[in-house]
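Take a look at the chain shown here. We will walk through some ring pairs first, then a sheet.

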Amino acid sequence: MASLLVALGGFVAVLLFIFGLKRMSSPVTATHGIIVAGWGMVLAVAVSFLYLVDVQPEAMPLRTTNVVLALLALAIGGIWAWRGGKKVPVTDMPQMVALYNGMGGGSAAALAAVVLFEHGGEQASLLHQIVTVLGALIGSISLSGSIIAWAKLDGRMNSAFRFGGQRVFNGLVFIAAVVVGGLTVAYGTDSLTWPLLFFVLALAFGVLMTLPIGGADMPVVISLYNAFTGLAVALEGFALENPALMIAGMVVGSAGTLLTFLMAKAMNRSLANVLFSNFGESAAGGDQKIEGSITSVDAGDAGVTMRYASSVIIVPGYGLAVAQAQAKLYEFVKLLQAAGVDVKFAIHPVAGRMPGHMNVLLAEAGVPYDLIYDMDDINDSFASTDVALVIGANDVVNPAARTDKSSPIYGMPILNVDQAHQVFVIKRGQGKGYAGVENLLFYQDNCDMVYGDALAVLNSMVQSVKALGE
């Protein structure tokens, strides 16, 4: 009876996961989708305790100890996640997502370790042992790789660390991990040597795999490790014969895989190029000769110009998140709208440090969803727009992606900001973007820089527009 209830509860939980994921596909219903999926997770965790009903009496003391540890872990994790979710700023959201990805992968790896040591090499079927080891490999890579991604995103580690023969060395470590995993399956867990060495090699490969990847590719890497975590969970669900884990893992894995390829496509690069190239290694950029000069204007003048424009498209970038200026930006937007200006937001798929980062940023400020447009939906509108305002974005608005075949970003779809009648770019200085490429937009005749912290600049724009009505 208990097994039937566990299976039924897992089935309902999976339905809630899928329905919640479907609701997350729209900003309007995303909050409800998260709540629904959350309740699905609560149900999945709760019904798992029903396994105790079928435990033999002589095994109850051990199971009771495990339940106490499980409840303690749930309490610690729940309190930590609640506090972290409440306190983490939007700028640190990518770091939090990277850590949660890693925790999921680490949980799958830990689950695999339990399965291996509990069943032993001679009791579990060969297929279950292989699946368990494979899930442990993928989960371990996701754990250690996500920690490195977190360290890079949090500024605790250099963006890219490379050395001669790195790819060959990484390949040897991966092959060694697979071979030792095979030895673990072959010889079981009578000796701790092979499984311990296997986990060390798997964790080491996750670190080595992520070290050479530059900061520009972190959105893709986060999505990839999300897919890894889902796959690892699905494999361990198969090993444990738990349909809820299998289906939930497959849903997460497939969604993460699809998102990874969509992100890579948005950068016009293959996944292999993201993982194994030295993108952004050199700051030299392309060979195209730069014509024109960089000009700058006062923030107040730029604000007044937009006040008397008919249409404005705003392109948010990571600089907006760093300055925590989203609320001030929306205040400025409402002033423009009150003056009859048509204002829209344009979002590039890889803007920010993770998928959807800019959407989350604008949602936090209360920007209505109908003002926010994806690149494909708004790109044709730039040519007829009076003013384009770029805040902290760089590579995603660089015309070199269209014109300079020698540029590392050549072929990457960009927002057509350069086609607007007038462009203002809010930026701290003349530094290059993640790709290390000079931005040709800054040298165009229709572009003026507005130097300074985004919050301070936007505050000046707000004051200048308000002063017009006094």
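**Rings and strands**

Phe199 is buried, because its relative accessible area is 14% and buried means under 20%. This is a predicted model. Phe198 counts as buried too, at 1% relative accessibility. The rings of Phe198 and Phe199 form a pair. Their centres are 5.3 Å apart and their planes meet at 65 degrees, so the pair is edge-to-face.

The structure holds 5 aromatic pairs. Another of them joins Trp80 and Tyr100. It is edge-to-face, with 6.0 Å from centre to centre and 65 degrees between the planes. This pair links distant parts of the chain. Trp80 lies in helix H3 (residues 60-87), while Tyr100 lies in helix H4 (residues 93-123), 20 residues apart. Are these two residues buried or exposed? Trp80 counts as partly exposed at 45% relative accessibility. Tyr100 is partly exposed as well, with a relative accessible area of 31%.

A ring can also meet a charge. The charged end of Arg307 sits over the ring of Tyr308, 4.7 Å from the ring's centre.

Now turn to the sheet. It is open, has 6 strands and pairs them in parallel. The order is E3-E2-E1-E4-E5-E6. Strand E3 (372-374) and strand E6 (447-451) are the edges, and each pairs on one side only. Neighbouring strands are turned by 25 degrees against each other on average, direction ignored.

Look inside the sheet. Strand E1 (residues 311-316) runs parallel to strand E4 (residues 387-391), and 5 bridges join them. Here Ile313 stands opposite Ala388 in E4. Helix H14 (residues 357-365) packs on the sheet and touches E1, strand E2 (342-347) and E3. The direction of H14 makes about 145 degrees with that of E2.

Note on methods. Residues numbered from 1 in each chain as written. Predicted model: local features only at pLDDT ≥ 70, side-chain atom pairs only at ≥ 80, totals over all residues. Heavy atoms only, no water. Phe/Tyr/Trp six-rings, centres within 6.5 Å; stacked < 30°, edge-to-face > 60°. Helix = DSSP H or I, 4+ residues; strand = E, 2+ residues; numbered from the N terminus. Buried < 20%, exposed > 50% of the residue type's maximum accessible area, 1.4 Å probe, protein only. Lys NZ or Arg CZ within 6 Å of the ring centre and 35° of its normal. Pairing = 2+ DSSP bridges. Axes fitted to C-alpha atoms, helices over the stretch in contact; angles between N-to-C directions. Contact = heavy atoms within 4.5 Å.
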